[in-house]
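Trainee: I should like to request a close look at a single part of this structure and at what surrounds that part. Please take the account outward from there in one connected answer.

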Amino acid sequence: MNDEVRRAVPHTPFSDPGAFRARWDVLPADADVGAIGAVVRNLLYHYRADGIEVPEERRSDIDARWVRRILAIDAERHPEPLDAPRERSERVAGCCRDYTLLTVSALRERGVPARSRGGFAGYFGDGYHFDHVVVEFHDGRRWVRADAQLEPGWKPFDVCDLPALGVDGFATGAEGWRAVRDGAADARTFGVFPESPFSGASFVFDYVIRDLAHRMGDELLLWDVWGAMKDEETFADAELAWMDGIAALVVAADAGDAEADRELARLYARDDRLNPRGRVLQASPYGQPDVEVDLLADAP
């Protein structure tokens, strides 16, 4: 087992179910990712994509952040086992990051190396690359990507083993950045949704940083801000060169280059542009004021 796989075995503070560990006991012993995904989808609904207006008193659901806090919210509303059906509107409101993190948590509980990856899905709409987070788990031979948010059969491919389709499938932040920089994709087609102000080259730039954090075990919210993340579309030449180098390392590490993975780990450990150091600025999809979060002090 190499360093990259070994890093994905233990829980992170975000994936650890803590006192709610027994809630995962309903899952099959063989850690089937499809069965896990079905249970996870029974716990969550997407705060924006599912067409359900989240009640104001429950809008904090989307900032639950920690698996044990998400499971605590569910247990308060539904003391029955996790596989007992919940009305969609009575589930915990979340997003792709939460579907992924819960699935990663369940896989790690069964000893399966797993991690979350941030990037862009080209399969939600022709010609656009929507920001998205998927599961990546190691089956003993290779890393497999799975979309825990999607029901099997939703697309003409296996959502538990996503095909390699480049930016037309799921692309990590680094893969998206390289496609934009190489002229193979238009930066304006990457974002939250078409015409969203959260889009473009700076958004892809941020997703390289976001994905690296997730890859290294800091599975942060999609509206957390830290380090070198940008809010403007202008880049200094040094910024572009720096990000080109980071993206190249991620792509190489994903292709099995162990030295590239070790270099990423070294950079993440020492570079404040990449590592949040336990503190983030939490923005709000609901337009609430930004909040500074001390991740150590805030942990349940």
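Mentor: In this predicted model, strands β3 and β6 (residues 170-172) run antiparallel and are joined by three bridges. On the β6 side, phenylalanine 170 stands opposite alanine 121. Strand β3 also pairs with β4 (residues 129-138), again in the antiparallel sense, over eight bridges. Alanine 121 appears in this pairing as well, where phenylalanine 130 of β4 stands opposite. Strands of a sheet pair through backbone hydrogen bonds, in either a parallel or an antiparallel manner. As for burial, eight of the eight residues of β3 (residues 114-121) are buried, so this strand is largely enclosed by the rest of the structure.

Strand β3 also takes part in covering a helix. The buried residues of α5 are covered by elements that include β3, β6, β7, α6 and α7. Within α5 (residues 173-181), the buried residues are Gly173, Ala174, Gly176, Trp177, Ala179 and Val180. An α-helix has 3.6 residues a turn, so residues three or four places apart point the same way. Just after α5 comes glycine 183, with a positive phi of about 80°.

Alanine 174 gives a detailed view of this region. It lies in helix α5 and is buried, its relative accessible area being 1%. Beyond its neighbours within four places in sequence, alanine 174 is in contact with Val208, Ala247, Val250 and Val251. Leucine 212 is 38 residues away from alanine 174 along the chain, yet their C-alpha atoms are separated by 8.8 Å.

Leucine 212 leads on to the packing of α6 against α8. The axes of these two helices are 11 Å apart, and the packing angle is about 100°. That angle makes α6 roughly perpendicular to α8. On the α6 side the residues that meet the other helix are Leu212, Ala213 and Arg215, and on the α8 side they are Asp261, Leu264 and Tyr268.

Helix α8 also crosses α7. The axes of α7 (residues 237-254) and α8 (residues 258-270) come within 8 Å and cross at roughly 135°. The two helices are therefore oblique to each other. Their crossing is left-handed. In that contact, α7 contributes Ile246, Leu249, Val250, Ala252 and Ala253, while α8 contributes Ala260, Asp261, Glu263, Leu264 and Leu267. Val250 thus has a place in the α7–α8 contact and is also among the contacts of alanine 174. Asp261 and Leu264 of α8 likewise occur in the contact with α7 and in the contact with α6.

A further sheet may be set beside the pairings of β3. It is an open sheet of three strands in the order β8-β9-β10, with antiparallel pairing. Strands β8 (224-225) and β10 (291-294) stand at the edges with a single partner strand each, so one side of each is left without a neighbour in the sheet. Two bridges join β8 to β9 (residues 279-282), and these strands run antiparallel. One pair of bridge partners is aspartate 224 and glutamine 282, the latter in β9.

Backbone angles mark two loop residues. Most residues other than glycine have a negative phi. Alanine 31, which is not a glycine, nevertheless has a positive phi of about 55°. Its place is in the loop between α1 (3-7) and α2 (33-43), and alanine 31 is buried, with a relative accessible area of 11%. Glutamate 195 is another residue other than glycine with a positive phi, in this case near 75°. This glutamate is in the loop between β7 (190-191) and α6 (201-215). With a relative accessible area of 78%, glutamate 195 is exposed.

The cysteines complete the account. A search of the whole structure finds zero disulfides. Cysteine 95 is in no disulfide, and the nearest cysteine sulfur, belonging to cysteine 96, is 4.6 Å away. Seen from cysteine 96, the closest cysteine sulfur is that of cysteine 95, and the 4.6 Å between them is too far for a bond. Cysteine 95 counts as buried at 4% relative accessibility, and cysteine 96 counts as buried at 4% relative accessibility.

Notes. Residues numbered from 1 in each chain as written. Predicted model: local features only at pLDDT ≥ 70, side-chain atom pairs only at ≥ 80, totals over all residues. Heavy atoms only, no water. Pairing = 2+ DSSP bridges. Helix = DSSP H or I, 4+ residues; strand = E, 2+ residues; numbered from the N terminus. Disulfide = S-S within 2.5 Å. Buried < 20%, exposed > 50% of the residue type's maximum accessible area, 1.4 Å probe, protein only. Axes fitted to C-alpha atoms, helices over the stretch in contact; angles between N-to-C directions. Parallel < 35°, antiparallel > 145°, perpendicular 65-115°, else oblique. Left-handed = near helix turned anticlockwise from the far one by under 90°. Contact = heavy atoms within 4.5 Å.
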